[in-house]
Number of protein chains: 2
Amino acid sequence: MSEPVKLIGSLGSPYVHRAEVALRLKGVPYELILEDLDDKSELLFTHNPANEKVPVLLHGDRPAICESLVIVEYIDETFDGAPLLPADSHGRAMARFWARFVDEKCSMSMWGALIWMIAGHAHSEPAETVKDNLTLLETQFPEGKRFFGGDTIGYLDIAIGGITLWLGVFEEVAGVPLLTEEKHPALCRWVRDYMVDETVRRCLPERGHLVATLTSRKELYVGLAKPAVPHTQE
Amino acid sequence: MSEPVKLIGSLGSPYVHRAEVALRLKGVPYELILEDLDDKSELLFTHNPANEKVPVLLHGDRPAICESLVIVEYIDETFDGAPLLPADSHGRAMARFWARFVDEKCSMSMWGALIWMIAGHAHSEPAETVKDNLTLLETQFPEGKRFFGGDTIGYLDIAIGGITLWLGVFEEVAGVPLLTEEKHPALCRWVRDYMVDETVRRCLPERGHLVATLTSRKELYVGLAKPAVPHTQE
C-alpha cells in the first residue's frame, strides 16, 4: 500500500478528527489538505459533489471516499495494523449502531439545546434528550475496560470522539451542562482517557479556537434554525 | 447457524423491507413479529430502548440488532450465501456512502416536498432537491448492469429499495413526479427490475394499502412539521 493518501479536512471539525485518528492509529502517512468551509474549493466540489462536506479521503486514483464513518471503516478494512472494529459480526453491528445513535440522537439535539439556551431557556427538551441519550450510551460501556474498543481505542471510541473536547466546548458556550459525573461516571472517565491518548492528542484542535468560533456563530445558528417549511395549521 | 432468527417489523415499512430482502436472499428462515407502531409493545421497548423503531433483529440470545442498514450488514457478515456487499473495501465504502446518501438526502426532502405540496406549492425546494439527488444517484449506476450490485441484487439495491414502490406511492399522494424517465432512465429501469425480482416481490407490501395509509396521514405530517425550537430573530 504505497499509494498516496490525502485527506481533505478543516480545522476544528470533529468529523475530520475521526479520519485523522483512524489513519494515525493504523500508521498510515497522509497529507492533510485544509479546506476553507466559508469559501469551498473546486477540489472539494469535484471529489464530494453529493454533499460538499469534509472529510474526504483520496487514496491513489480511486474515486474519493466521503462521510467520516465510512472513511473510518475503509481505513480499517484497507490498511494493516490493529483492527478498529470488533472481530465478530455482532460486535461490529453494535458498534455501528451506537456510532449512528450518537450522530443522530446526540449531535442534533445539542444544536437544539444551544438554540433554546440563547433564547433564554436553561432547561429545554433538546438538552434533556441529549442527557438521556448519553445515559443510554453510558450503559453500553464495557465493564472494567478503558475504552469502548476494550483496552485500546476502537471504531466506536473514534466515532463518539466528538463528545469529548467538542461537547465540553459546547457546554461552555451554551452554558448548559450535559455530561455529568453524577449521571455518566463511565463516560466522564472515558473522555479523560480518550483525550490524553498520545495519538488522539495530535488530532485535537486548540480548545480556545473552538470556543471563539462557536461563540462568534451563536446567532447565526439561531438564524439557520428558522423553519424551512410553510405551516398550514397551528 | 441453527439459532432462531426473529424480526420485529411492521406492515408497509421500507426499512423492514430491507431486512426481509436480506434474510431471504441469504436463505435464512425467520419469524416475523408484527408490531403496531401506534401502540408499541413491551417487546419493542425492551429490545430497542434507544429509538423504539422497527426493524429489530433477534438472533439467538444475543442483544438485539437495530437500524435497518446495520441489520443488513450483520446478515451479510453472519450467514452463508452470496455476499451482499462488494468484495473490495473501496466498493464497500462506495455502497455504504450512497446508502446513507439516499437516507439523508432523498428521504428527508421527500417529506419536505409533501408538506409543501399540501400547502399548495407544486414546485418547492425540497422537491427539486430530491430530483437533483436522484440525478446524482443515477450517475452511480454501473453501466451495462441490471443492479447496483452487478448482476444480482446487493447491499445498495436493498438500501435504496425504498425509492421503488414507496417513492411511486409518495409521488401519487403528493401529486408531484420526482423520478422521471427523462432525467433518470437507468434508475427507472432499475426500479422495474428490482420490483419484479422473485425475492423482492415477497417482501413488498400491497400498493393500495400504502396509498390509503399515506393519504390518511397527510395532515398529520404537516402538524409534525411545526417548528420545535423558539425563534429569537426573523
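**Exercise 1.** Is A:A212 buried, partly exposed or exposed, and how many other C-beta atoms lie within 10 Å?

*Solution.* The model is a predicted one.

Step 1. Locate the residue: A:A212 belongs to helix 10 (residues 207-224) of chain A.

Step 2. Count the neighbours: there are 13 other C-beta atoms within 10 Å of A:A212.

Step 3. Apply the cut-offs: a residue is buried with 20 or more such atoms and exposed with 12 or fewer, and values in between count as partly exposed. A:A212, with its 13 atoms, is therefore partly exposed.

Step 4. Add a distance: the C-alpha atoms of A:A212 and A:P55 are 22 Å apart, and 157 residues separate the two along the chain.

**Exercise 2.** Describe the overall make-up and dimensions of chain A.

*Solution.*

Step 1. Take the inventory: chain A holds 10 helices and four strands. Read from the N terminus, its elements follow the pattern β-α-β-α-β-β-α-α-α-α-α-α-α-α.

Step 2. Compare with the globule rule: for 234 residues the rule gives 17 Å, and the radius of gyration of chain A is 18 Å, close to that value, so chain A is as compact as a globular protein of that length.

Step 3. State the extents: the C-alpha trace of chain A spans about 55 × 50 × 35 Å along its principal axes.

Step 4. Turn to burial and contacts: 41% of the 234 residues of chain A count as buried. Among contacts in chain A between residues at least 6 apart in sequence, those joining residues at least 24 apart make up 68%.

**Exercise 3.** Reconstruct the sheet of chain A from its strand pairs.

*Solution.*

Step 1. Begin with strand 1 (residues 5-9) of chain A, which pairs with strand 2 of chain A in the parallel sense over four bridges. In this pair, A:I8 is placed opposite A:I33 of strand 2.

Step 2. Take the other partner of strand 1: strand 1 and strand 3 of chain A run antiparallel and are joined by four bridges. Here A:H59 in strand 3 is the bridge partner of A:V5.

Step 3. Continue to strand 4 of chain A, which pairs with strand 3 in the antiparallel sense over two bridges. A:L57 faces A:I65 of strand 4. The hairpin of strands 3 and 4 of chain A has five residues between the strands, and A:G60 takes a positive phi near 60° there.

Step 4. Assemble the result: the four strands of chain A form an open sheet in the order 2-1-3-4, with mixed pairing. Its edge strands are strand 2 (31-34) and strand 4 (65-66) of chain A, each of which pairs on one side only.

Step 5. Inspect the side chains of strand 3 (residues 56-59) of chain A: A:V56 and A:L58 point one way, A:L57 and A:H59 point the other way, and all are buried.

**Exercise 4.** Carry out the analysis of strand pairing for chain B, and give the handedness of the crossover.

*Solution.*

Step 1. Pair strand 1 (residues 5-9) of chain B with strand 2 (residues 31-34) of chain B: the pairing is parallel, over four bridges. B:G9 has B:L34 in strand 2 as its bridge partner.

Step 2. Follow the connection: from strand 1 the chain passes through helix 1 (residues 14-25) of chain B to strand 2, a β-α-β crossover that is right-handed.

Step 3. Pair strand 1 with strand 3 (residues 56-59) of chain B: these run antiparallel and are joined by four bridges. B:L57 in strand 3 is the bridge partner of B:L7.

Step 4. State the sheet: in chain B, four strands make an open sheet in the order 2-1-3-4 with mixed pairing. Strand 2 and strand 4 (65-66) of chain B each have a single partner strand, so one side of each is left without a neighbour in the sheet.

**Exercise 5.** Characterise the contact between the two domains of chain A.

*Solution.*

Step 1. Set the bounds: chain A is divided into domain 1 (5-78) and domain 2 (89-222). Their C-alpha centres are 21 Å apart.

Step 2. Count the residues: domain 1 of chain A brings 13 residues to the contact and domain 2 of chain A brings 16.

Step 3. Assign the side of domain 1 that touches domain 2 to elements: helix 1 (14-25) and helix 3 (68-78) of chain A are those that give two or more residues. Helix 1 of chain A gives the most, with eight residues.

Step 4. Sort that side of domain 1 by class: seven residues are nonpolar, two are polar and four are charged.

Conventions: Residues are numbered from 1 along each chain as its sequence is written. Chains are lettered from A and ligands numbered from 1 in the order in which they are written. This is a predicted model: local features need pLDDT of at least 70, side-chain atom pairs count only at pLDDT 80 or more; totals for chains, interfaces and linings use all residues. Two strands pair if DSSP finds at least two bridges between them. A crossover is right-handed if, with the strands pointing away from the viewer, the path from the first strand over the helix to the second runs clockwise. Domain bounds come from an automatic or database domain assignment. Two residues are in contact if their C-beta atoms, placed from the backbone, lie within 7 Å. Ala, Val, Leu, Ile, Met, Phe, Trp, Tyr, Cys and Pro count as nonpolar, Asp, Glu, Lys and Arg as charged, and the others, Gly among them, as polar. The radius of gyration is taken over C-alpha atoms; the globule rule is 2.2 Å times the number of residues to the power 0.38.
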